[in-house]
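Work through the exercises below with the sequence and the 3D view open. Try each task before reading its solution.

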Amino acid sequence: MLTPVAYRCSPGDRVRATVIRSRPHSHSPPALLEELPPVQIVSLGTSIDHHSPTIVLTLDSSSSHTLYSGSATVEGHDFFISNASYVISGSGPIGAWWGTRTLLQQLVLSESGDDGTYRLPTGNGTDCPGWEVRGFMLDTGRHWYAADFLADVCTYASFFKINELHIHASDNLWIPSLLYGPDWGSLYSGLRFQPPPDSPVYGLVPHLVPEIDTPGHSLVISQWRPQLMLNGTPDFLNLTYPETIPTIKSIWTQFLSWFSSNEVSIGADEYSSSFADAYISFVNEMSSYVGRMSGKGIRVWGTYEPSNTSSISTNVTIQHWDFPDGSIPVSLLSSGHRVINSEQAFLYLDGKIPTEGGFAQTLNLSLLFSGASAQGAGWAPNVFTASDPGNNTAYNNPGLRGAIFALWNDWGPNATTPLETYYQLSQSLAVFAEKTWSGSGVRKSELTMEQFEAAYPPLNAHAPGQNLNRAVTGMKPGDVVYAFESVPYFPFHTGVDSVGPPYTLSFSVRPTAADVETMGILHSRGCSKGQILLCMPPLSRLGVTRSTISFLLFSNCSGD
């Protein structure tokens, strides 16, 4: 019960942050002090100072937080608010971390007046997720992303309590005229994994789950080892060829130790159903191999593989994506499989596409809040179809692990920039986090669409630890960010690393005959790493470079 008396945190306050552990542990929620509003931070202590606002983090392994399935979870937390303190008690380190996200969200949404004072009603509360898996997938096999961009996206996602980034690290373009013709070796494909030793992605929340997609979607492996491919279909590997499965195992042997997650995905997506027995045998063999080598479990995409003699082991989690053609989740659950919901009708996005149609650019709010049934119910991980409620399951089904939404790059390394990917993800992550934490029709605290639309803009603007919006401190809409009559020397720094849209950039350049054929005019810093290029005659065009890929603009430069 929350009472009207307020816990206040104002500019200039000396806020004390205390970490109390009920037992030794190697992890504690990082970076909270840096993420608080503009207040003065004093050193850590072990007691509450009733004259200064105090934030206390503690762990309580005896707490009884559970998922909707009834399974215990370390992601829960309790919070206790008095006039002098805000105490977060996590059932595990990650639960305490989510508690700090609760605190920061409450502060963002509670700011009132012009004095910058944050006021929270006193009382207590408890919170924990409904489902274990609350993630998003990014197709990095067909579009390269810098590690610092992925780190920023993970930081942003964790503010909304997303706990998993599924890296779809291998794939290829699907252009049948090339893929199944003599020039299949020239079709774009990729397999990308290794970050540098000092990469910002290490140790992040959400954690990373890697995927190498085999034996389908495997053109990148066929281009490397053509003898492994199925004759006439370079994107399929021949599972009966003696070297194929040992080669796939050797790839995973290289990569398994790089990831701290307790699961990996072997993909196993959209393989020919005419090879069902070989496919099922492969999945089960890889499950045993990965478990023996690393102690990790595996996931596969739900793929229809009819067989009268064998079945996929129930040790393998099925990531459903296509009802009813790919898999029937209720049948999988009844047979003892664990299921993750990635149903494309609700949860598939795609990058820039050259034609109308295709998957959406962002998750559809109306669909998620009121389009999951004919009666206007909202979506949740237990909903696989809006038209056939008999093929949905109960929200507390013990085999239902949660959900992952997917952002594909079906058209490969096109002109989609990292920040455009962020714009697709930003609101999608927030609404997906709400629906996979609370569900629909289960808790009184779940948000309506109107409440979400009111809360999202300030939460997006104040999400800590990154600046993917490219906001410029102190600037209002319409302000001039920078203006120079001329550039006195080169390179010249404007004082601003990057500016987020909408904006207008105007400049003029007068090259001489001595200038190089292509010169960089403007460069941005950070994960966008873009530049504007001037291409000298005979092209006489401007160009842009983003994500290591260069594009010429269509309009010619004027002759003077």
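The exercises go from the whole chain to single strands, residues and rings.

This is a predicted model, in which local features need pLDDT of at least 70 and side-chain atom pairs count only at pLDDT 80 or more, while totals for chains, interfaces and linings use all residues. Residues are numbered from 1 along each chain as its sequence is written, and side-chain values use heavy atoms, with hydrogens and water left out.

**Exercise 1. Describe the chain as a whole.**

Step 1. Take the secondary structure: the protein chain has twelve helices and 25 strands. Helices (H or I, at least four residues) and strands (E, at least two) are DSSP runs, numbered from the N terminus.

Step 2. Take burial: of the 560 residues in the protein chain, 51% are buried. Buried means under 20% relative accessible area, exposed over 50%, and partly exposed in between (1.4 Å probe, protein chains only).

Step 3. Take contacts, meaning heavy atoms within 4.5 Å. Among the contacts in the protein chain with a separation of 6 or more, 68% are between residues 24 or more positions apart.

**Exercise 2. Explain why strand β16 counts as largely enclosed, and find its partners.**

Step 1. Strand β16 covers residues 263–267, and five of the five are buried, so the strand is largely enclosed by the rest of the structure.

Step 2. Check the two sides: Glu 263, Ser 265 and Gly 267 point one way, Val 264 and Ile 266 point the other way, and all are buried.

Step 3. Look for pairing, which requires that DSSP finds at least two bridges between two strands. Strand β13 (residues 207–214) pairs with β16 in the parallel sense over two bridges, and Thr 214 has Gly 267 as its bridge partner in β16.

Step 4. Strand β17 (residues 297–301) runs parallel to β16 and is joined to it by three bridges. Val 264 has Ile 298 as its bridge partner in β17.

Step 5. Follow the chain from β16 through helix α7 (residues 276–294) to β17: this β-α-β crossover is right-handed. That is, with the strands pointing away from the viewer, the path from the first strand over the helix to the second runs clockwise.

**Exercise 3. Decide whether Ser 327 and Asp 497 are buried or partly exposed, and list their surroundings.**

Step 1. Ser 327 lies in the loop between β18 (317–320) and α8 (329–334). Because its relative accessibility is 9%, Ser 327 counts as buried.

Step 2. Leaving aside neighbours within four places in sequence, Ser 327 is in contact with Gly 302, His 320, Asp 322 and Leu 332. With His 320, the side chain of Ser 327 makes a polar contact of 2.8 Å. A polar contact is a pair of N or O atoms within 3.5 Å; within protein, one must be able to donate a hydrogen and the other to accept it, and residues adjacent in sequence count only if both atoms are side-chain atoms.

Step 3. Asp 497 lies in the loop between α12 (449–462) and β22 (518–523). Because its relative accessibility is 41%, Asp 497 counts as partly exposed.

Step 4. The side chains of Asp 497 and His 493 are joined by a polar contact of 3.4 Å.

**Exercise 4. Classify the ring pair of Tyr 271 and Tyr 279.**

Step 1. Rings of Phe, Tyr and Trp (its six-membered ring) pair if their centres lie within 6.5 Å; planes under 30 degrees apart count as stacked, over 60 as edge-to-face and the rest as tilted. The structure holds 24 aromatic pairs.

Step 2. Tyr 271 and Tyr 279 are 6.2 Å apart, centre to centre, with 20 degrees between the planes, and the pair is stacked. Both Tyr 271 and Tyr 279 are buried.
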